[in-house]
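Hi everyone, thanks for coming. I'd like to walk you through one structure today, so please have a look at it before I start.

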Amino acid sequence: MSQDHQSFFYTLFEYAQGKILEHETLLASFYAEESSFVRFNSGQIRQPGSVSQTEFTLELVDDKKHLSATFSLSQNDNDDKQTVDETLATLRENLQSIPDDPHFLYATEVNSSENSEAGSLPTAQEITEEILAEGAGLDFVGILAHGSVACGFANSLGQRNWFTRDNFNFDWSVYSHEDKAIKSGYSGFEWDRDILSAKFAHTRKHLDILKLPPKTLEPGEYKVFLTPAALSEVLGLLGWFSFSKKAVKTKQSALLTLVEEQCTLHPSVHINENNNGGVGPMFNSKGFVKESSIELVSKGLYSGALTSARSAREYDVPTDGSNAGETPESLELGAGKLLEKDILTELGDGLYISNLWYMNFSDRQSCRMTGMTRFATFWVEDGKIKAPVNVMRFDESLYRMLGENLVGLTQEREHILDAGTYHRRSTNSINLPGALIEGFRLTL
């Protein structure tokens, strides 16, 4: 991301700030990305492309009234200044006809920051060539996203925040036959051909097993190992309004029984919102700086919630800088003691589950979830993979999975970047181990 974006943002904001009236306050957010996308199909490039976009959000504040508007920037000085003029005029006019917002809160203490970390990434073309070489002969589909993301904040009180980060995210699946395929992913800031090679080698090894006659299981309880990718689906679902302060206060959180100390998770379970170890900016759209780490679950017990500025005002508590939706952006599950190389031995007889899909709550109040096993799920006997397993649905409570039935978590963890690109590239991530669980309920 070029330095020009930062200069352009600050210059345009200074212009907008010069247009406000004495009793008004102005907040502004900026987003930009310069991304390359390569879509693969049948092991070949199907569609390369690129996106270069910039967005500017202005929020005009007059006492307890506020309104915001977001628009794309042309980066033509005169055109964008005209858009700012028109937007401010519209906001000011409409501001007169809306009621006060009793829960509105923005930062009034100036906390400026700058965090620009450029990764040492090869070009998208170089990475694509390596992907095609490693995947030669395989029928794989996937998408590579590569490039820079920038976020900025400014207010008329003098605060300035800037963040840029280069990263890549390669999300792919290799098809075997019928409904059998293997899903994998590789993301980060430093490209390493050896890691890509190892992941493709792992995929080829599992492809051979996938060609064996599949085993169909009867509904029942099984010992399973959830890889970090599979476990991320569980915690990803949990992120829907479960860690939110508002959800806790209104008793809508899926973790309510944990909050009210009616049950616990396993003492080895520690869940944090580790903003310092994430891949997104350390500030939000109201100018609040995020806490480095927010403890959500400690030793299996409820410890805290994500608190936005709005909840802080409504419930008279401090904000921790969380986003307006109070959803995790940098969730982290602490490591355990199991070694990944020993997992099959520890599993003995059971299921090795590489991924899950179609996740949803089957009973939110008891934090019970349902979903399907996906792709490379294998039957293991005496610590050895014996056969692929036909797709099964499960229905399990988090309190059993990461509570009474948790055998252990792996020492190794995987930092998974969100592959979402809806509207813009996501800066969310999750860092977590794999989980060995007994009595896992497969229902049909």
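**Salt bridges, a helix and a hairpin**

Let's begin with charges: the structure holds 21 salt bridges. Please keep in mind that this is a predicted model. I'll pick out a few of the pairs.

Take Glu130 and Arg193, whose side chains meet in a salt bridge at 3.9 Å, N to O. This pair links distant parts of the chain, with Glu130 in helix α3, Arg193 in helix α4, and the two positions 63 residues apart in sequence. Arg193 counts as partly exposed because its relative accessibility is 32%.

Next come Asp171 and Lys183, which form a salt bridge at 3.0 Å, N to O. Asp171 sits in strand β6 and Lys183 in strand β7, residues 180-188, so this bridge ties together parts that are twelve residues apart in sequence. Asp171 has a relative accessible area of 26%, so it is partly exposed. Lys183, at 23% relative accessibility, also falls in the partly exposed class.

Then there is Lys341 with Asp342, a salt bridge whose closest N and O atoms are 3.3 Å apart. Lys341 is exposed, at 68% relative accessibility, while Asp342 is partly exposed, at 27%. And there is a network too: salt bridges link Glu221, Glu396, Arg400 and Arg441.

Now, which acidic residue is buried yet has no salt bridge? That is Glu326, and the nearest side chain of opposite charge, Lys246, is 7.6 Å away. A salt bridge needs a nitrogen within 4 Å of a carboxyl oxygen, so Lys246 is too far off to make one with Glu326. You'll find Glu326 in the loop between α8 (309-315) and β12 (330-333). Leaving aside neighbours within four places in sequence, Glu326 is in contact with Phe243, Ser244, Lys245, Lys246, Leu306, Thr307, Ser308 and Ser311.

Let's go back to helix α3, residues 124-134. Which of its residues are buried? They are Ala124, Ile127, Thr128, Glu130, Ile131 and Glu134. These residues cover an arc of only 165 degrees around the axis, which means they lie on the same side of α3. Here is a bit of background: an α-helix has 3.6 residues a turn, so residues three or four places apart point the same way. As for what they pack against, the buried residues of α3 meet β1 (25-41), β2 (44-62), β5 (140-155), β6 (160-177) and α4 (193-210). Two of those elements have come up already: β6 holds Asp171, and α4 holds Arg193.

On to the strands around β13. Strand β8, residues 220-226, pairs with β13, residues 350-363, in the parallel sense over three bridges. Within that pairing, Phe225 has Tyr352 in β13 as its bridge partner. On to β14, residues 368-381: β13 pairs with this strand in the antiparallel sense, over ten bridges. Asn360 stands opposite Thr370 of β14. How many residues lie between β13 and β14 in their hairpin? There are four, and one residue in the turn, Cys367, has a positive phi of about 55 degrees.

One last stop, at Gln96, in the loop between α2 (77-95) and β4 (113-117). Is Gln96 buried or exposed? Exposed, because its relative accessibility is 55%. From Gln96 to Ile294 the distance is 38 Å, C-alpha to C-alpha, and the two are 198 residues apart in sequence.

That's my tour, thank you!

Conventions: Residues are numbered from 1 along each chain as its sequence is written. This is a predicted model: local features need pLDDT of at least 70, side-chain atom pairs count only at pLDDT 80 or more; totals for chains, interfaces and linings use all residues. Side-chain values use heavy atoms; hydrogens and water are left out. Two strands pair if DSSP finds at least two bridges between them. Buried means under 20% relative accessible area, exposed over 50%, partly exposed in between (1.4 Å probe, protein chains only). Lys and Arg count as positive and Asp and Glu as negative; His and the chain ends are not counted. Contact means heavy atoms within 4.5 Å. The arc is that of the directions from the helix axis to the C-beta atoms.
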